[in-house]
Amino acid sequence: MHCQSCADAIGGSLRSLKGVKEAKVEFAKSKATVRFDPGQTDSLKVRKAIEGAGYRVA
Ligand SMILES: [Cu+2]
């Protein structure tokens, strides 16, 4: 993640994921905060969505 538009792209793909209620990606902190319904998705799927957008998960 190297600029704000990357952060927005990641946030957008996270929010399009089923079960995700809220996704906040902070470029300055290289941090993503994701709230999701554990009945509909899980952290692995969230991780895959980030990787699918072309970014690595630390
Ligand atoms: Cu960028």
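Trainee: How many bridges join β1 to β2, and which way do the strands run?
Mentor: This is a predicted model, where local features need pLDDT of at least 70, side-chain atom pairs count only at pLDDT 80 or more, and totals for chains, interfaces and linings use all residues. Residues are numbered from 1 along each chain as its sequence is written. Helices (H or I, at least four residues) and strands (E, at least two) are DSSP runs numbered from the N terminus, and two strands pair if DSSP finds at least two bridges between them. Here β1 covers residues 20-26 and β2 covers residues 31-36; they run antiparallel, and the number of bridges is 6.

Trainee: Which residue in β2 does V20 stand opposite?
Mentor: We're still on the antiparallel pair β1 and β2. Across from V20, in β2, stands F36.

Trainee: Which residue in the hairpin turn has a positive phi, and is it buried or exposed?
Mentor: The hairpin of β1 and β2 has 4 residues between the strands, and S30 in that turn has a positive phi of about 50°, although S30 is not a glycine. On burial, 20 or more other C-beta atoms within 10 Å (placed from the backbone) makes a residue buried, 12 or fewer exposed, and in between partly exposed. S30 has 11 such neighbours, so the verdict for S30 is exposed.

Trainee: Which element gives the most to the largest nonpolar core?
Mentor: A nonpolar core is a set of buried Ala, Val, Leu, Ile, Met, Phe, Trp, Tyr and Cys residues joined through C-beta atoms within 7 Å. The largest one here has 9 residues: A7, I10, L14, A23, V25, A32, V34, A49 and I50. Two or more residues each come from α1 (4-15), β1, β2 and α2 (43-52). With 3 residues, the top contributor is α1.

Trainee: What is L14 in contact with, leaving aside neighbours within four places in sequence?
Mentor: Contact means C-beta atoms, placed from the backbone, within 7 Å. L14 is itself one of the core residues. Its contacts outside that sequence window are V20, A23, V34, V46, A49 and I50.

Trainee: What pattern does the protein chain follow along the sequence?
Mentor: Count the elements and you get 2 helices and 2 strands. Read along the sequence, that gives α-β-β-α.

Trainee: What radius of gyration does the protein chain have?
Mentor: The radius is taken over C-alpha atoms, and the globule rule is 2.2 Å times the number of residues to the power 0.38. The C-alpha box is roughly 30 × 15 × 15 Å along the principal axes. For 58 residues a compact globule would come out near 10 Å, and the chain agrees, at 10 Å.

Definitions and conventions: Two residues are in contact if their C-beta atoms, placed from the backbone, lie within 7 Å.
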